[in-house]
Amino acid sequence: MKKTPLRTCIVCREKKEKRKLIRIVRDKENQTVFFDKTGKANGRGAYICGSDKCIEALGNVKMINNILNVNVKKEDMENVKEDIKKYLKEEVLN
Ligand SMILES: [Zn+2]
C-alpha cells in the first residue's frame, strides 16, 4: 500500500492528505507570504485545510508571523485569503 503524505493544518491541527491541503509559503526577502497554488514553490511553507474557519484565521497576522517567522502585513494576508477563496471557488466549479 502506498503511503499518503500527511500534513497538519496550522490552524485546526487536523492531519490531512497533503494534496487536499492549501500551501502558503514565506517570501523571506520581501517579508511576505503568498498562496502556493502549485504546492511546489520554494521557501518555508505551511499548510491549511481549506475550511472557512481556517482560511479566515489567516487574517491573524500575529499567528502567521509566529509560525513562519516573518513580518507580514495585514493587507498581504487579506490578499492571500482572497486568492485562496477564489481558487477554491474555481475548483468547485470545474
Ligand atoms: Zn484547518
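**Close-up views of the zinc site and the nonpolar core**

**View 1. Spacing of the zinc donors.** In sequence, the residues that donate to the zinc ion follow the pattern C-x2-C-x36-C-x4-C. Cys12 sits in the loop between β1 (6-8) and β2 (15-17), and Cys49 in the loop between β5 (45-48) and α1 (52-56), so this pair ties together parts that are 37 residues apart in sequence. Helices (H or I, at least four residues) and strands (E, at least two) are DSSP runs, numbered from the N terminus. This is a predicted model: local features need pLDDT of at least 70, side-chain atom pairs count only at pLDDT 80 or more, and totals for chains, interfaces and linings use all residues. Residues are numbered from 1 along each chain as its sequence is written, and side-chain values use heavy atoms, without hydrogens and water.

**View 2. The zinc ion and its donors.** Cys9 (SG), Cys12 (SG), Cys49 (SG) and Cys54 (SG) are the protein donors, 2.3 to 2.4 Å from the zinc ion. Donors are N, O and S atoms within 2.8 Å of the metal (3.2 Å for Na, K and Ca). The four donor atoms subtend angles of 103 to 116 degrees, so the arrangement is tetrahedral (all angles between 85 and 135 degrees). Cys49 has 14% relative accessibility, so it counts as buried. Cys12, at 25%, counts as partly exposed. Buried means under 20% relative accessible area, exposed over 50%, partly exposed in between (1.4 Å probe, protein chains only).

**View 3. Val33 and its contacts.** Leaving aside neighbours within four places in sequence, Val33 is in contact (heavy atoms within 4.5 Å) with residues including Ile24, Ile64, Met77 and Val80.

Key
Four donors count as tetrahedral if all angles lie between 85 and 135 degrees; four count as square planar and six as octahedral if opposite donors are over 155 degrees apart and all others between 65 and 115; anything else is irregular.
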